[in-house]
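This briefing covers the domains, the overall dimensions and one sheet of the structure shown below. Please read it alongside the sequence and the model.

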Amino acid sequence: MQEFEEFTQSPKLQHVRYDVRGPIAQEAARLEREGHKITRLNIGNPAPFGFEAPDSIRTTMINNLAEAQGYSDSQGIHSARIAIAQYYQSRGMTEADPDDVYLGNGVSELISMVLQAMLAPGDEVLIPAPDYPLWTGATTLAGGKAVHYICDESNSWWPDPEEVESKVTDRTKALVLINPNNPTGAVYPREILEQMVDICRRHNLMLLSDEIYENITFDDAEMVNACTVVRETGDDVFTITFSGLSKTWRVAGFRSGWIYLSGATQRAQNYLEGLTLLMNMRMCANVPSQYAIQAALGGHQSIEDLIAPGGRLYEQRNTAYRLLSEIEGVDVHQADGALYLFPRLDPEIYPIQDDEAFVIELLRQQKILVSHGRAFNWIDSNHFRLVTLPNVEDLESAIGGIAEFLSDYRDA
Ligand code: PLP
């Protein structure tokens, strides 16, 4: 019989990583097939933890199913885009227009398209470390180079604008902000945003602001939309704001996200033609969930109650923080926003060489799945991320398991 060559993956995937759903998730699935119950603290997916979407979102989608059977305009249906434009108008972007809004199958698809349309081989994108790893993976896949700026754990996990600027080269095309941040839970103060905007201004960079957690902040943390800072300081930086229904509105499975363009859009016409081409090539975003957007943005959607003292997200985040802080050699910064904590294990006490192997060992022993820090392009092997979505009882039991595992590790 004739021997054929193997089918192999494209070399362009060689350096693309997305470890949060990599070997750690495969090992969890294997253990589940063996009959073990795994506590999954690895993915920011609210619904499986009993966070139901507001009724109005689901019923609007269902009621519009008949309308939603065909393709829509590639940019998205008008009623959703006008609702999003009004959402930004109410945040101070008074001239936001539906034409400035593009809908996608979650922020994920839009991140990929925005970068694919932008990057020539070797172009650089400034991305935070730690990051939500799709930003690095999608930059690499688009032929670009992810250049990481370090967020400072000793300073509330905020970036240092001087360090950011020191990484700008003549190949740098864009600066990514993730605010509130996944995985650290940091919320950036206005002064830092002003300095980041100023870096974009002076070096002619696009500002890409991932604000998918913008409505999930705690206590007196103030969420400032980067586009408003641009507007107030000259409106001269081309800004793409990313958000969607997955987190605040708890319908991650609907795959519904958007981008909103503002600032120096007149200098981005050629770029936007490219982006529109990519949007057209994939026809449109999932149409039934586009119909959910207007209902979602329209009013009180109970996230307000979840993040206030006494609310589920608030109390769970406090419990997780308190219990983790009590473990010997664990330092954790309290999250000001989002759904995660990113604790540090003191390397003197826990000299971890390979954090992925460490997390897999925790999984095998305690049946608890967290994500290792390097999966977020972090620079050392002494961090992990856990989601604060389980109820208080489940968090107590899971963090109890983590404490037991760490105690055995210390004694070994
Ligand atoms: N951006 C950040 C910072 C995220 O944490 C996530 C998901 O966890 C996404 C984007 C992707 O969201 P979507 O469900 O809209 O694709």
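The centres of domain 1 and domain 2, taken over C-alpha atoms, are 26 Å apart. The model is predicted: local features need pLDDT of at least 70, side-chain atom pairs count only at pLDDT 80 or more, and totals for chains, interfaces and linings use all residues. Residue numbers start from 1 along each chain as its sequence is written.

**Domains and their contact**

- Domain 1 is assigned to 11-51 + 305-411 and domain 2 to 55-297; such bounds come from an automatic or database domain assignment.
- In domain 1, 33 residues are in contact with 32 residues of domain 2, where contact means that C-beta atoms, placed from the backbone, lie within 7 Å.
- On the side of domain 1 that touches domain 2, the elements giving two or more residues are helix 12 (312-325) and strand 11 (340-341).
- Helix 12 gives the largest share of that side, 3 residues.
- That side of domain 1 consists of 19 nonpolar, 7 polar and 7 charged residues (nonpolar: Ala, Val, Leu, Ile, Met, Phe, Trp, Tyr, Cys and Pro; charged: Asp, Glu, Lys and Arg; polar: the others, Gly among them).

**Overall dimensions and packing**

- The radius of gyration of the protein is 21 Å, which agrees with the value near 22 Å for a compact globule of 412 residues; the radius is taken over C-alpha atoms, and the globule rule is 2.2 Å times the number of residues to the power 0.38.
- Along the principal axes, the C-alpha atoms fill a box of roughly 65 × 60 × 50 Å.
- Of the 412 residues, 47% are buried, meaning that 20 or more other C-beta atoms, placed from the backbone, lie within 10 Å of the residue's own.
- Among contacts with a separation of 6 or more, 73% are between residues 24 or more positions apart.

**Sheet and helices**

- The protein has 14 helices and 15 strands, which are DSSP runs numbered from the N terminus (helices: H or I, at least four residues; strands: E, at least two).
- An open sheet of 8 strands has the order 2-9-8-7-6-3-4-5 with mixed pairing; two strands pair if DSSP finds at least two bridges between them.
- Strand 2 (101-104) and strand 5 (158-159) are the edge strands, each pairing on one side only.
- Strand 3 (residues 124-129) and strand 6 (residues 172-178) run parallel and are joined by 3 bridges, and E124 has T172 in strand 6 as its bridge partner.
- Helix 5 (residues 134-141) lies across strand 3, strand 4 (145-152) and strand 6, at about 160° to strand 3; axes are lines fitted to C-alpha atoms, for helices over the stretch in contact, and angles run from 0 to 180 degrees between N-to-C directions.

Key. Contact = placed C-beta atoms within 7 Å. Buried ≥ 20, exposed ≤ 12 C-beta atoms within 10 Å, placed from the backbone.
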